[in-house]
Amino acid sequence: MFGIVPKLQQYVCAWNFWPAFMKKFFMSEKGPFTIFFWTPLAKWGISIANIGDMRKPVEQVNTLQQCVIAWTGLLFTRWCFIITPRVYSLVICNFCMAQTGLYQLYRKHQQGKLFTR
């Protein structure tokens, strides 16, 4: 089971119809056969769901959840500049996640309900 991704990567790159730039993308350390490609895609789901929650009344927004979303976004935005390879799509994704969490907390603060669940 281990080592299936490199074998799959070699198998896909062996197909002759791929242009050279696609083969280079597939073999890169930020390509679709690495976690660095798929993580931003999954994290965008959190940000999009949080944007959808902006239609909810403030009373239904969970303060602790939004604190965690904001903190995770800020923490991993910084962490993305430390790890290699630098994946700027993950930086943007984490930054947007932090902003959506902070905006939800701002909404709660405006209503004076920041410290209520």
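**Entry 1: Tyr103**

I began with Tyr103, whose place is in helix H5. The model I am reading is a predicted one, and I keep that in mind for each entry. I looked up how far Tyr103 is covered, and at 40% relative accessibility this residue counts as partly exposed, because the partly exposed class lies between 20% and 50%. I then took a distance from Tyr103 to Gly31, which is 72 residues apart from Tyr103 along the chain, and found that their C-alpha atoms are separated by 32 Å.

**Entry 2: Cys93, also in H5**

Staying with H5, which covers residues 88-110, I went to Cys93. Is Cys93 buried or exposed? Cys93 has a relative accessible area of 0% and is therefore buried, as the limit for that class is under 20%. I next asked which residues touch Cys93 once its neighbours within four places in sequence are left aside, and the contacts are Pro40, Lys43, Trp44 and Ser47. For a distance check I chose Ile4, 89 residues from Cys93 along the chain, and the C-alpha atoms of the two are separated by 28 Å.

**Entry 3: Gln66 and Thr63 in H4**

I moved to helix H4, residues 63-79, where Gln66 has its place. Gln66 is buried, with a relative accessible area of 2%. Not counting residues up to four places away in sequence, I listed what Gln66 touches, namely Asn50, Val61, Thr100, Gly101, Gln104 and Leu105.

Thr63 is also found in helix H4, and with a relative accessible area of 12% Thr63 is buried. I noted that Gly101, which is among the contacts of Gln66, lies 9.3 Å from Thr63 in space, C-alpha to C-alpha, although the two are 38 residues apart in sequence.

**Entry 4: a nonpolar patch on the surface**

Which residues form the nonpolar patch on the surface? I wrote down Trp71, Leu74, Leu75, Phe76, Trp79, Ile82 and Leu102, which together have about 690 Å² of accessible area. H4 gives the largest share of the patch, with 5 residues. I looked at Phe76 separately: Phe76 lies in helix H4 and is partly exposed, with a relative accessible area of 32%. That value lets Phe76 enter the patch, because members need over 30% relative accessible area.

**Entry 5: the cis bond before Pro85**

I went on to the loop between H4 and H5, where Pro85 is found. The peptide bond from Thr84 to Pro85 is cis, and its omega is near 0 degrees. I record this bond for the contrast with the general rule, since most peptide bonds are trans.

**Entry 6: H1 against H2**

I turned to the packing of helix H1, residues 4-13, with helix H2, residues 20-27, and found an angle of about 180 degrees with the axes 10 Å apart. That angle makes H1 roughly antiparallel to H2, because the class takes angles over 145 degrees. The contact is made from the H1 side by Gln9, Val12 and Cys13, and from the H2 side by Lys23, Phe26 and Met27.

I followed up one of these residues, Gln9, which is found in helix H1 and counts as buried at 15% relative accessibility. With its neighbours within four places in sequence left aside, Gln9 is in contact with Phe26, Met27 and Phe33.

**Entry 7: Pro32 in the next loop**

Where does Pro32 lie? Pro32 lies in the loop between H2 and helix H3, the latter running over 35-52. At 17% relative accessibility Pro32 counts as buried, and I note the value with the limit beside it, because buried means under 20%. Residues up to four places away in sequence not counted, Pro32 touches Phe25, Phe26, Phe37 and Trp38. Phe26 thus links back to the previous entry, where Phe26 is also a contact of Gln9. The C-alpha atoms of Pro32 and Gln9 are separated by 9.0 Å, with their positions 23 residues apart along the chain.

**Entry 8: the salt bridge**

How many salt bridges does the structure hold? I found 1, in which the side chains of Asp53 and Lys56 meet at 3.6 Å, N to O. The pair counts as a salt bridge because the nitrogen has to be within 4 Å of a carboxyl oxygen. Lys56 is partly exposed, with a relative accessible area of 35%.

How values were computed. Residues numbered from 1 in each chain as written. Predicted model: local features only at pLDDT ≥ 70, side-chain atom pairs only at ≥ 80, totals over all residues. Heavy atoms only, no water. Buried < 20%, exposed > 50% of the residue type's maximum accessible area, 1.4 Å probe, protein only. Helix = DSSP H or I, 4+ residues; strand = E, 2+ residues; numbered from the N terminus. Contact = heavy atoms within 4.5 Å. Patch = residues over 30% accessible without salt bridge, like charges linked within 9 Å, V, L, I, M, F, W, Y side chains within 5 Å. Areas by Shrake-Rupley, 256 points an atom, 1.4 Å probe, with all protein chains shown as cover. Axes fitted to C-alpha atoms, helices over the stretch in contact; angles between N-to-C directions. Parallel < 35°, antiparallel > 145°, perpendicular 65-115°, else oblique.
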